[in-house]
Amino acid sequence: NVNSSNCKVRVMVWDTAQHISLDVSNSVFAITPVDHQPPVVNIIAPNGGESYFAGGNHSISWSASDSNGVDSISIHYSTDNGAGWTTILPYTHSNPGTYSWNIPETPSRVALIRVNAKDLAGNIGTDISNLAFYIRKSPTNIKEMMTIHPAR
């Protein structure tokens, strides 16, 4: 359980007459502990209770961190409260913290977002929206929109 980038090995041997011989590594090498900790992921939005129109565009935002660095991110959505997931963004080698999402034409009262973060050791951390959000059918004309969202 050593964590060093300046390691060498020395080998010593004795024969039965107590003659000794030894050798030391020609160059240094590193020993690092195995990483078993997954990244920490936190969805910022949508995180529950929001309402979006199908076909619109909205940002998904999150934070993801890991002591050894986040290697890649994937984003998924569910319209059935997490029973099934559809990929929005497959694992990509970046962690921008935001993604512009084209909201699907699938109305739902129980939509969720899931963000997975993978570190350099392959550990995966996940967060899912705390509560469901709505994906509403887009209004087809301004009169319908005024009925849904009257002026205040």
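N102 touches G56 and N57, leaving out residues up to four places away in sequence. That is a friendly place to start in this predicted model, and the surroundings of N102 are worth a moment.

N102 belongs to strand β10, which covers residues 98-102. Its partner G56 is 46 residues away in sequence, yet the two C-alpha atoms are 5.9 Å apart. With N57, the link runs through side chains: a polar contact of 2.7 Å joins the side chain of N102 to that of N57. Is N102 buried or exposed? Its relative accessibility is 56%, so N102 counts as exposed.

S108, in strand β11, makes a nice counterpart. Its relative accessibility is 7%, so S108 counts as buried. The side chain of S108 comes to 3.0 Å from the backbone nitrogen of V110. Beyond four places in sequence, S108 is in contact with T79, F133, Y134 and I135.

Now for the nonpolar interior. The largest nonpolar core has 20 residues, and those touching the most other members are I75, W101, I113 and V115. Two or more residues come from each of β5 (40-45), β7 (57-65), β8 (70-78), β9 (86-92), β11 (108-119) and β13 (133-136). The element giving the most is β11, with 4 residues. Looking past neighbours within four places in sequence, the contacts of I75 include I60, W62, I88, L89, Y99, I113 and V115; T86, T87 and R114 are also among them.

Aromatic rings come next. The whole structure holds 3 aromatic pairs, and two of them share W101, as the table shows.

| Pair | Centre to centre | Angle between planes | Type |
|---|---|---|---|
| Y77 and W101 | 5.6 Å | 45° | tilted |
| W101 and F133 | 6.3 Å | 90° | edge-to-face |

Y77 sits in strand β8 and W101 in strand β10, so their pair ties together parts 24 residues apart in sequence. The other pair links W101 in strand β10 to F133 in strand β13, 32 residues apart. Both Y77 and W101 are buried, and F133 is buried as well. Which residues do the ring pairs link into a cluster? They are Y52, Y77, W101 and F133.

Finally, two charged residues lie over rings. K118 is placed over the face of Y91, 4.3 Å from the ring centre. R136 has its charged end over the ring of Y134, at 4.7 Å from the centre. Y134 has already appeared above, among the contacts of S108.

Methods:
Residues are numbered from 1 along each chain as its sequence is written. This is a predicted model: local features need pLDDT of at least 70, side-chain atom pairs count only at pLDDT 80 or more; totals for chains, interfaces and linings use all residues. Side-chain values use heavy atoms; hydrogens and water are left out. A nonpolar core is a set of buried Ala, Val, Leu, Ile, Met, Phe, Trp, Tyr and Cys residues joined through side-chain atoms within 4.5 Å. Buried means under 20% relative accessible area, exposed over 50%, partly exposed in between (1.4 Å probe, protein chains only). Contact means heavy atoms within 4.5 Å. A polar contact is a pair of N or O atoms within 3.5 Å; within protein, one must be able to donate a hydrogen and the other to accept it, and residues adjacent in sequence count only if both atoms are side-chain atoms. Rings of Phe, Tyr and Trp (its six-membered ring) pair if their centres lie within 6.5 Å; planes under 30 degrees apart count as stacked, over 60 as edge-to-face and the rest as tilted. A charge sits over a ring if NZ of Lys or CZ of Arg is within 6 Å of the ring centre and within 35 degrees of the ring normal.
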